Amino acid sequence: MERDELLANFLRDHDAVCPVCRYNVRGLTDPVCPECGVPLSLTVGTSEPRLGLWLTTLVVVASAGGFLMIAGGALVVSAVMYNDWPPFDEAWSLYMGALLSPLVLWGWLRYRPRIRASTAAARRWLSLAAMAFVVLPLLAFFWLIV
Ligand SMILES: [Zn+2]
């Protein structure tokens with residue numbers, strides 16, 4: 001079966017939108033969008049939702065969390081070695097971030113299939129929450145030491 005024939009067979013009883021102009025091309029018989037004139041073809045795509053937001057969140061959580069864990073670890077090692085603990089009201093955000101960020105990172109990786117399967121609005125809220133749990137302690141740390 002020709003590719004154009006496969007496309008026409010698929011579009012006979014399925015809704016699909018033109019990737020350029022979003023026009024619904026259901027029932028199309030020629031492999032050209034009637035609205036914008038772009039040539040169309042039947043392709044195989046991923047069934048997973050787009051991973052951009054998931055990956056962005058992973059990068060933000062891993063980098064901010066990595067800084068917090070290294071800085072928090074260095075602070076604890078230095079405090080133990082010299083028996084000189086910084087005032088808690090200056091260091092609490094570093095401790096909190098260093099403890100929270102591995103949990104957030106683990107959850108983001110562990111629950112990836114459930115995050116991907118949730119609605120777009122839920123994914124945005126989860127991403128915002130995950131980044132807030134790591135970025136806010138980092139901002140608080142810089143705000144407290146400057
Ligand atoms: Zn079009």
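How many helices and how many strands are there in the protein? In this predicted model, the count comes to 5 helices and 0 strands. Followed along the sequence, the arrangement reads α-α-α-α-α. The protein is also more spread out than a compact globule, because its radius of gyration is 25 Å, well over the 15 Å that the globule rule gives for 146 residues. A box drawn along the principal axes gives another view of these proportions: the C-alpha atoms fill roughly 80 × 25 × 20 Å.

Burial can be considered next. Of the 146 residues, 16% count as buried. As for contacts between residues at least 6 apart in sequence, 60% join residues that are at least 24 apart.

A helpful place for a newcomer to look is the largest nonpolar core, which has 13 residues. Within this core, the members that touch the most others are Val-61, Leu-68, Leu-94, Val-104, Trp-108, Ala-130 and Val-134. At least two core residues come from each of helix H2 (52–82), helix H3 (88–110) and helix H5 (120–145). Of the helices, H3 gives the most to this core, supplying 6 residues.

Val-134 offers a good point from which to explore this region. When its neighbours within four places in sequence are left aside, Val-134 is in contact with Val-61, Ala-64, Gly-65 and Leu-68, and also with Gly-97, Leu-100, Ser-101 and Val-104. Among these partners, Val-61, Leu-68 and Val-104 are, like Val-134, listed with the core residues that touch the most other members.

Methods: Residues numbered from 1 in each chain as written. Predicted model: local features only at pLDDT ≥ 70, side-chain atom pairs only at ≥ 80, totals over all residues. Helix = DSSP H or I, 4+ residues; strand = E, 2+ residues; numbered from the N terminus. Rg over C-alpha atoms; globule rule 2.2 N^0.38 Å. Buried ≥ 20, exposed ≤ 12 C-beta atoms within 10 Å, placed from the backbone. Contact = placed C-beta atoms within 7 Å. Core = buried A, V, L, I, M, F, W, Y, C linked by C-beta atoms within 7 Å.
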